[in-house]
Amino acid sequence: MDQVTWWRGGVIYQIYPRSLMDSNGDGVGDLQGIIAKLDYIASLNVDAIWISPFFKSPMKDFGYDISDYLEIDPLFGTMTDFDQLIEKAHQLNIKVVIDQVLSHTSDQHHWFEQSRQSRYNDKADWYVWADPKDDGSAPNNWLAIFGGCAWEWEPRRQQYYLHNFLKSQPDVNFHCPQVRQAVLDNVEFWLKKGVDGFRLDAITFCYHDEQLRDNPAKPKDKRQGRGFSEDNPYAYQYHYYNNTRPQTVGFIEELRALINRYPGAVTLGEVSSEDSLATMAEYTQGDDRLHMAYSFELLTDDFSAAYIRQTVEELEASIGDGWPCWAIGNHDVKRVASRWGKDSVNPTMVKMLNAMLFSLRGSVCSYQGEELGLTEAPIEFSQLQDPFGIAFWPMFKGRDGCRTPMPWVKGAPNAGFSDATPWLPIDPLHNNSAVDVQEADQDSILNSYRHFLLWRKQQNILIEGDIQFIDSHADVLAFIRSKDQQRMLVLFNLSAAQQTFDLKELHLSSILEGHGLLSGAQDKQHPATIVLPSFASFYGLLGK
């Protein structure tokens with residue numbers, strides 16, 4: 001692996017630290033728990049880990065509300081633990097990417113505690129403050145994604161502050177040069193620690209419209225969002241003025257200039273905007289912006305060959321020399337085995353879905369538990385931890401169902417995750433998918449995941465090649481990966497019924513084996529036809 005461009009086509013395994021492994025018996029996963037499982041993660045044949053926030057936080061949004069960017073929250077361990085984690089990961093040739101939540105802080109951050117005291121202090125303009133309207137109401141109609149008005153009253157200043165998420169997550173004012181420099185200083189602290197990159201949370205929310213113009217209303221038939229449901233009032237607006245402002249590109253370029261001083265370090269932006277694919281392209285153009293970006297476009301309920309093709313083709317048409325990153329699951333959405341499997345999980349389908357993700361052009365984020373085929377865990381209202389779910393229950397049940405602890409040992413208390421009661425309940429059904437069960441089964445989803453990624457490392461065309469989609473049956477996703485003079489045909493049957501694919505003008509020179517998946521095959525009587533059993537895959541090299 002090239003140490004500078006390792007990320008191009010790399011597979012990044014996302015760790016939600018609260019739920020990977022508890023090392024100290026408090027029911028919550030921690031850094032030492034991650035260290036204990038690094039050998040397991042290395043066995044998956046991934047290239048990097050992305051660790052969700054472990055910084056000091058009151059945990060109102062479970063770490064995405066940071067009160068000190070330079071301290072480890074005691075819940076997760078110490079800085080010594082983190083240094084040990086970096087050292088062991090690098091010994092195992094695993095890169096370490098950490099979350100950075102730049103657009104907002106906790107209301108317990110010392111910046112905000114000072115800023116809220118008065119209009120006349122050193123941090124007075126470090127957050128987004130605005131006077132009320134003449135009638136005392138909020139400055140404009142902006143809404144928070146977690147529900148309700150995006151403005152909260154502060155009596156000490158007699159002003160409102162902006163929060164695009166929880167009211168305990170005030171938005172930082174990126175129009176202030178001192179803020180931008182302080183943010184860059186915080187980022188550099190972790191670069192000096194030896195991290196290999198940053199996943200940039202909510203990067204599209206950094207800037208706001210200084211004129212505080214109202215967002216226009218969105219017609220009812222357009223109320224479709226990514227990362228929020230249609231019954232959320234947030235879906236009722238076009239978020240032109242509190243999201244994806246033009247100044248964001250300038251800050252991204254400042255950030256990239258810093259990152260470039262640390263060869264091999266990368267930036268991965270989380271994009272959520274009115275046109276996320278266009279924003280992904282804009283934010284990754286050239287060599288002075290983000291290295292790569294991902295969006296919620298494949299984290300939706302939409303699942304069909306046509307939808308996946310349309311999504312990837314639309315991005316490919318505009319991204320130019322930019323680089324995509326794809327994910328079909330993470331800590332914010334229902335688990336893909338349930339979301340796309342419609343709650344009737346078929347192991348062959350899950351294996352195919354993982355392979356499909358790993359075969360697209362770009363880098364990949366794979367969420368912990370996807371290598372086990374974990375389903376969405378049922379969570380009762382009384383068990384909910386997620387403020388998003390509590391606010392929107394029962395129409396939206398929140399994000400806790402995808403955040404439950406990893407099952408390690410079927411017969412152990414709490415599936416081997418912790419000696420104490422876990423912070424979220426473990427789905428009893430997940431015991432049957434535990435790591436020890438799947439380790440012993442050569443045909444398991446886990447071993448298929450490992451096997452395919454090892455095979456993929458030997459197929460450079462899948463890592464660096466171009467992609468071109470071709471017409472096929474409605475349930476078959478078909479494309480060609482190409483690099484130099486080599487072309488690879490890739491097919492996925494997304495349905496439970498047998499499908500066929502007509503090679504037409506394509507000349508198949510050889511069928512690639514060794515990937516370990518249920519494979520399609522040439523029809524013995526009609527060699528120009530590929531027969532694809534239920535949820536089968538096919539890889540073949542094409543002649544000229």
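Let's start with two helices in this predicted model: α10, covering residues 347-359, and α13, covering residues 445-457. Their axes come within 10 Å and cross at roughly 25°. Angles under 35 degrees count as roughly parallel, so α10 is roughly parallel to α13. The crossing of α10 and α13 is also right-handed.

Which residues in α10 and α13 meet? On the α10 side you'll find Pro347, Val350, Lys351, Asn354, Ala355, Phe358 and Ser359. On the α13 side they meet Ile445, Ser448, Tyr449, Phe452, Leu453 and Arg456. Sorted by class, this contact of α10 with α13 has eight nonpolar, three polar and two charged residues.

Now look at helix α7, residues 276-284. Is α7 largely enclosed by the rest of the structure, or not? Seven of its nine residues are buried, so α7 is largely enclosed. The buried ones are Ser276, Leu277, Thr279, Met280, Ala281, Tyr283 and Thr284. What covers them? The cover includes two helices, α6 (247-259) and α8 (305-319), along with the strands β10 (266-271), β11 (292-295) and β12 (325-326). Just after α7, have a look at glycine 286, which takes a positive phi of about 75°. On to the strands. Five of them form an open sheet in the order β14-β15-β16-β21-β18, with antiparallel pairing. At the edges sit β14 (466-469) and β18 (508-511), each of which pairs on one side only. From one strand to the next, the twist averages 30°.

Within that sheet, pick out β15 (residues 476-483) and β16 (residues 486-493). These two strands pair in the antiparallel sense over eight bridges. If you'd like a spot to check, find alanine 478, which stands opposite leucine 491 in β16.

Finally, turn to strand β20, residues 529-532. Are the residues on its two faces buried or exposed? Thr529 and Val531 lie on one side, Ile530 and Leu532 on the other, and all are buried, so both faces are covered. Strand β20 has pairing partners too. With β17 (residues 499-502), β20 pairs in the antiparallel sense over four bridges, and phenylalanine 501 has isoleucine 530 as its bridge partner in β20. With β19 (residues 521-522), the pairing is again antiparallel, over two bridges, and here alanine 521 has valine 531 as its partner. A hairpin of six residues joins β19 to β20.

Notes. Residues numbered from 1 in each chain as written. Predicted model: local features only at pLDDT ≥ 70, side-chain atom pairs only at ≥ 80, totals over all residues. Heavy atoms only, no water. Axes fitted to C-alpha atoms, helices over the stretch in contact; angles between N-to-C directions. Parallel < 35°, antiparallel > 145°, perpendicular 65-115°, else oblique. Left-handed = near helix turned anticlockwise from the far one by under 90°. Contact = heavy atoms within 4.5 Å. Nonpolar A, V, L, I, M, F, W, Y, C, P; charged D, E, K, R; others polar. Pairing = 2+ DSSP bridges. Buried < 20%, exposed > 50% of the residue type's maximum accessible area, 1.4 Å probe, protein only.
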